Amino acid sequence: METENYTRVTEFVLTGLSQTREVQLVLFVIFLSFYMIILPGNVLIIFTIRYDTHLTSPMYFLLANLAFLDIWYSSITAPKMLVDFFAERKIISFGGCIAQLFFLHFVGASEMFLLTVMAFDRYAAICRPLHYVTIMNRRLCCVLVACSWLGGLVHSIIQVALIIRLPFCGPNELDSYFCDITQVVRIACANTFPEELVMIFSSGLISVVCFVALLLSYAFLLAMLKKHSGSGKSTNRATSTCYSHMTIVVLMFGPSIYIYARPFDAFSLDKIVSVFHTVIFPLLNPIIYTLRNKEVKTAMRKMANKYILCKEK
């Protein structure tokens, strides 16, 4: 290919979610509301776990890390999308596109690995209750969280390394509201089959394997809890926690599998699934954990009474 005859692409044009002005304004209000709930909700979870002396178990430490990742994850695409609702031409530079892609996969993969760590934490709590404190000590928790971040970093570097080596010399329009490998690969001026194969393996196959493994592990834990259903409040609390984790696993891995575990061809549901994956999912995490966790709800109520309503216990 005589790529020197082409002008290298320096920016991408995003089509956005809609071309109709009225629809864009409605979407702006909806997604701004989502974003304004995600940030305070996750910050409140982190603040509550950090300062409540009763929420010191490893599960809450991991939950605070998940909330932190959700804040970051929702901030990668949402601010740019909200600004673009008022832009005539939705443009993102090549460097900005690569940065968005990098952080999206970095934080997204880190969340997936962290959910795996949280499943291990529940296994230790339910199957090894007498040794739980020894197994899930603070040092191991920090190491597992660091490994989750490191795994996400390695995964993201692989995606970016595959993208930046592709030639972009002609089309520069992405049929989306953000940059991701599935859209960027389609407009490359080269045969991208080998790169797609590696990306599907690194993103899609890993998502499928982790998803199936997590569902099986939680199914096993729930079966164990059924045998001890007469143990009382602690068993009910553990069961509720497992159901919460399973819900988050399905919401996180489902869209990811749909997007990355198939050839990168365009489908009509792509934008809808992407919106759910990048904007709505981070909102559901704090809602699900708050509604299904009595300890967190009680701690939040106490903090509200103390710092907002100025009521001492």
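Is Cys141 buried or exposed? Keep that question in mind while you find your way around, since the tour comes back to this residue after the disulfides.

**The whole chain**

Begin with the full protein in cartoon view, and remember throughout that this is a predicted model. You should be able to pick out 10 helices and 3 strands, and if you follow the chain from its start, these elements come in the order β-α-α-β-α-α-α-β-α-α-α-α-α. Turn the model slowly and look at its outline: the C-alpha atoms fill a box of roughly 70 × 45 × 35 Å along the principal axes. The radius of gyration is 22 Å, which agrees with the value near 20 Å that a compact globule of 313 residues would have.

Now switch on the surface. About 15,600 Å² is exposed, and carbon and sulfur atoms supply 68% of that area. Of the 313 residues, 49% count as buried. If you display contacts between residues with a separation of 6 or more, 79% of them join residues that stand 24 or more positions apart in the sequence. Colouring by charge gives another view, in which the mean position of the 26 positive charges and that of the 19 negative charges are 19 Å apart.

**First stop: Gln24**

Select helix H1, which covers residues 21–51, and within this helix pick Gln24. Gln24 has a relative accessibility of 6% and therefore counts as buried, the cut-off being under 20%. To see what surrounds Gln24, show Ser18, Gln19, Asp84, Phe85 and Lys90, which are the residues this side chain's owner touches once those up to four places away in sequence are set aside.

**Second stop: the disulfides**

Next, select the cysteines and show their sulfur atoms, where 2 disulfides can be found. Start with the pair Cys97 and Cys179, whose sulfur atoms lie 2.2 Å apart. Looking along the S-S bond of Cys97 and Cys179, you will find a torsion of about -115°, so this disulfide is left-handed. Cys97 belongs to helix H3 (residues 94–127), while Cys179 sits in the loop between strand E3 (173–174) and helix H6 (181–186), so the bond ties together parts of the chain that are 82 residues apart in sequence. Cys97 is buried, with a relative accessible area of 1%, and Cys179 is buried as well, at 0%.

Move on to the other pair, Cys169 and Cys189, where the two sulfur atoms are 2.4 Å apart. Cys169 lies in the loop between helix H5 (138–164) and E3, and Cys189 lies in the loop between H6 and helix H7 (193–227), so this pair joins parts that are 20 residues apart in sequence. Cys169 counts as buried at 10% relative accessibility, and Cys189 counts as buried at 14%. When the bonded cysteines are counted along the chain, the disulfides follow the pattern 1-3, 2-4.

**Third stop: Cys141 and Cys142**

Why does Cys141 form no bond with Cys142? The sulfur of Cys142 is the closest cysteine sulfur to that of Cys141, yet the distance is 6.9 Å, which is too far for a bond. The opening question can now be settled, because Cys141 has a relative accessibility of 2% and so counts as buried. Cys142 is in no disulfide either, but Cys142 is partly exposed, with a relative accessible area of 38%.

**Last stop: Phe267 and Lys271**

Finally, select the loop between helix H8 (233–260) and helix H9 (270–292), where you will find Phe267. Phe267 is partly exposed, with a relative accessible area of 45%. Leaving out residues up to four places away in sequence, Phe267 touches Tyr258 and Arg262.

Step along into helix H9 and select Lys271, which is partly exposed, with a relative accessible area of 22%. Apart from neighbours within four places in sequence, Lys271 is in contact with Thr15, Gly16, Leu17, Asp175, Ser176 and Tyr177, so show these residues together with Lys271 to view the whole group. To end, use the distance tool between the C-alpha atoms of Lys271 and Ser93, which are 178 residues apart along the chain and separated by 21 Å.

Definitions and conventions
Residues are numbered from 1 along each chain as its sequence is written. This is a predicted model: local features need pLDDT of at least 70, side-chain atom pairs count only at pLDDT 80 or more; totals for chains, interfaces and linings use all residues. Side-chain values use heavy atoms; hydrogens and water are left out. Helices (H or I, at least four residues) and strands (E, at least two) are DSSP runs, numbered from the N terminus. The radius of gyration is taken over C-alpha atoms; the globule rule is 2.2 Å times the number of residues to the power 0.38. Buried means under 20% relative accessible area, exposed over 50%, partly exposed in between (1.4 Å probe, protein chains only). Contact means heavy atoms within 4.5 Å. Accessible areas come from the Shrake-Rupley method with a 1.4 Å probe; for residues, only the protein chains shown count as cover. Lys and Arg count as positive and Asp and Glu as negative; His and the chain ends are not counted. The place of a charge is taken as NZ of Lys, CZ of Arg, CG of Asp or CD of Glu. A disulfide is a pair of cysteine sulfur atoms within 2.5 Å.
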